Amino acid sequence: MYRFETTLANVLWECGRSIVQMAYNRLEPDDPQLLPRQICVGLSCYRRNRKTRSTISTLFGKVRVRRFIYQALEAGESGIFPLELALGLTAGQATPALADVVGRLIADLPQQQTLAVLQERYRLCWSVATLRKVTEALARTLEPLRHDAQVTYLVDLLQKAHKSSGNGRPSLVVGRDGIMTPMRDSWQEACTASITVYDPKGNRLGTTYLGRMPESGQETMTRQLTALLRDVLAAWNGPLPRLHDVTDAGHPPQDYFRSVLSRMKHPRTNARLRWTWSVDFFHAAERITVLAEALFGFTPAAKAWAEKQRKILKTRSNGAVRVVQAARALRRSRGLKRDRRKFGEALTYLWKYREYMAYARYKRNGLPIGSGVTEAACKTIFTQRFKLSGMRWHKDSGQNVLDLRVILRGGVWRYVRKRWLKLPISCNLPKSAAARAKTAWFSCYLCDCTPSARAP
C-alpha cells in the first residue's frame, strides 16, 4: 500500500506539472507576427525581441516556460516579459498560488524549515537568497493592502457584536506594548499593538495586530494605529462602541493615550470621543504581592493578605485606595519585614494610577481589566517567530517577515489575498486598430486591462 500510494502520488504530481507547463506555454502565441511590435508598460516603451526559456516555480514544482522578451527603447533599462507580468509572478519566481503558500510558511517558520517544507511538499530546491527575494517582494505587495483588510475585518466583528444578545454596547479595545528583540548589533525594543472587539457580555470576538521592528519614538506604529482606529470608526455606521485602552502603564502607551486617544475626534461627526484607560490588573496585583512580602515576609499570612487585597481591588469601588490605606495602616502597626524601597515603589504605583484601576466598573461595562490580549500579541507576533535560538535580525528583512506575520496572525490573510488577486496589471498598449487586434491575447486573456489611448 505504501508503494502503491507513493507511486500514484508521483504520477499525479507529474501529470499536474505537465498540465500547468502546457497551459502556461499556450497563453502566448508562438508566431511573433501575432504579437504587437511595441508595447508600453507605465511610462516606458518596449520593442518585441526573441523568445527565450525560463523556469518558474509552481505548486507542482518547477516548469519551463518559453516567452518573448521585449527590449526597452531607452538605453540602460532592462527588458520585460509580458507573459510573466500577466501571470503575476512574485519576484519573477513564484506563481500567485505558490507565493501565497510561501508567505504563510515564512510568517510561521524559520527560513531553513520553510525551505525544507518547499522541498518536501513542492519539490522546490530554493536557495536562501531566492526565498528572501520572494519574501521581500510579497511583503511589499501585501503590506499596502493590510490596512483596508483590517478595517473590513474589524467592522465585520462590530456588526457581529452588535447583533449578539446582551445589554450594553460592544467594545473596541486597544492595547500597545514593547518587546525586546534580538537585532544584529544588540537587543532593541520593537513594538506591537492589538485591536480587539468584545460583545456586550464581554466575550472576545476577534483581534487584529500591528507590529514594527525597533524604531526611535515608535512613530510609524503611532501613525498606523491611529489611522486604523479612525478608519474603522468612519466605516462603522452603528451605535458607537465603548472605546477602551488597557496597558501596563509603560511610557509609550501612556503617551499614546494622552496625546492621541484622549484628543481623538469622530472622523465623521467631529465630536470628541470618550476613551477610557485602565492599568492592567495583573500588573497591579504584582504590586500587592510586593506589599504583602514586605509586610509579612514569605509567610502564609502574606499570601492570605495579598489574596484578600486583590479581591478588594477587583470587586470594590475605589479598590486601589482601600489597598493603599490597608498597607499603610499595617506598616504603622507592624513595621516592615523586607525591602523598604520596593514597598514604597509598589505603594506609589497603586496610588498614582488609582483612578485607572476602577476594575469593578470596567467589569460591569463588559470591558477587559487585563492586558492579556496585548501580552499575547507580543508572544504571538514576536516571541514565537523572532526570538528563537540563535536568531539575529536586520531591520528591513525582519520587517518583511513581520508584515506577513501580522497579516496572517491578525486574521486578515484571506481579506488581503482577495484584494491582492484582484490587483490589475498596469499596461498601456498601442492605439491603432491593427495593433490592438494583435494585443488581444495580452489584454483579454492575461492582464484584463483596457488598452490606453496613448501611442507608444
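**Close-up 1. A salt bridge links aspartate 108 and arginine 409.** In this predicted model, the side chains of aspartate 108 and arginine 409 meet with N and O 2.9 Å apart. A salt bridge here is a side-chain nitrogen of Lys or Arg within 4 Å of a carboxyl oxygen of Asp or Glu. Aspartate 108 belongs to helix 3 and arginine 409 to helix 14 (residues 395-409), so this pair ties together parts that are 301 residues apart in sequence. Helices (H or I, at least four residues) and strands (E, at least two) are DSSP runs, numbered from the N terminus. Aspartate 108 is partly exposed at 27% relative accessible area, and arginine 409 is partly exposed at 38%. For these labels, buried means under 20% relative accessible area, exposed means over 50%, and partly exposed lies in between (1.4 Å probe, protein chains only).

A word on reading the views: residues are numbered from 1 along each chain as its sequence is written, and side-chain values use heavy atoms, with hydrogens and water left out. As this is a predicted model, local features need pLDDT of at least 70 and side-chain atom pairs count only at pLDDT 80 or more, while totals for chains, interfaces and linings use all residues.

**Close-up 2. Arginine 341 and glutamate 345 form a salt bridge.** Their N-to-O distance is 2.9 Å. Both residues sit in helix 11 (residues 340-352), and because they are 4 residues apart, about one helical turn separates them. Glutamate 345 is partly exposed, with 45% relative accessibility. Elsewhere, Asp100, Arg104 and Arg417 are joined into one network by salt bridges that share partners. The count of salt bridges comes to 10.

**Close-up 3. Helix 1 carries a salt bridge and part of a nonpolar patch.** Glutamate 14 pairs with arginine 17 in a salt bridge, their closest N and O atoms being 2.8 Å apart. These two residues lie in helix 1, 3 residues apart, or about one turn of the helix. Glutamate 14 is partly exposed, at 35% relative accessible area. Now look for the nonpolar surface patch: Met1, Phe4, Leu8 and Leu12 form it, with about 470 Å² of accessible area together. Patch members have over 30% relative accessible area and no salt bridge; like charges are joined within 9 Å and nonpolar side chains (Val, Leu, Ile, Met, Phe, Trp, Tyr) within 5 Å. The areas come from the Shrake-Rupley method with a 1.4 Å probe, and for residues only the protein chains shown count as cover. Leucine 8, found in helix 1 (residues 2-26), is partly exposed at 39% relative accessible area.

**Close-up 4. Five strands make an open, mixed sheet.** Their order is 6-5-4-7-8. At the edges are strand 6 (204-212) and strand 8 (275-279), each pairing on one side only. From one strand to the next, the twist averages 25 degrees. Two strands pair if DSSP finds at least two bridges between them. Strand 4 (residues 171-182) and strand 7 (residues 242-247) run parallel over 4 bridges, with serine 171 partnered by arginine 242 in strand 7. Helix 6 (residues 219-235) lies across strands 4, 5, 6, 7 and 8, at about 145 degrees to strand 6. Contact means heavy atoms within 4.5 Å; axes are lines fitted to C-alpha atoms, for helices over the stretch in contact, and angles run from 0 to 180 degrees between N-to-C directions.

**Close-up 5. Strand 5 has antiparallel partners in strand 4 and strand 6.** Here 12 bridges join strand 5 to strand 4, and valine 173 has threonine 196 of strand 5 as its bridge partner. The hairpin of strands 4 and 5 has 4 residues between them. Another 8 bridges join strand 5 to strand 6, where isoleucine 195 stands opposite threonine 208. In the hairpin of strands 5 and 6, with 5 residues between the strands, glycine 202 takes a positive phi near 90 degrees. Of the 12 residues of strand 5, 9 are buried, so this strand is largely enclosed by the rest of the structure.

**Close-up 6. Alanine 91 and arginine 123 have positive phi values.** Most residues other than glycine have a negative phi. Alanine 91, with phi of about 60 degrees, lies in the loop between helix 2 (82-87) and helix 3 (96-108), and is partly exposed at 22% relative accessibility. Arginine 123, with phi near 55 degrees, lies in the loop between helix 4 (111-122) and helix 5 (128-163), and is partly exposed at 41%.
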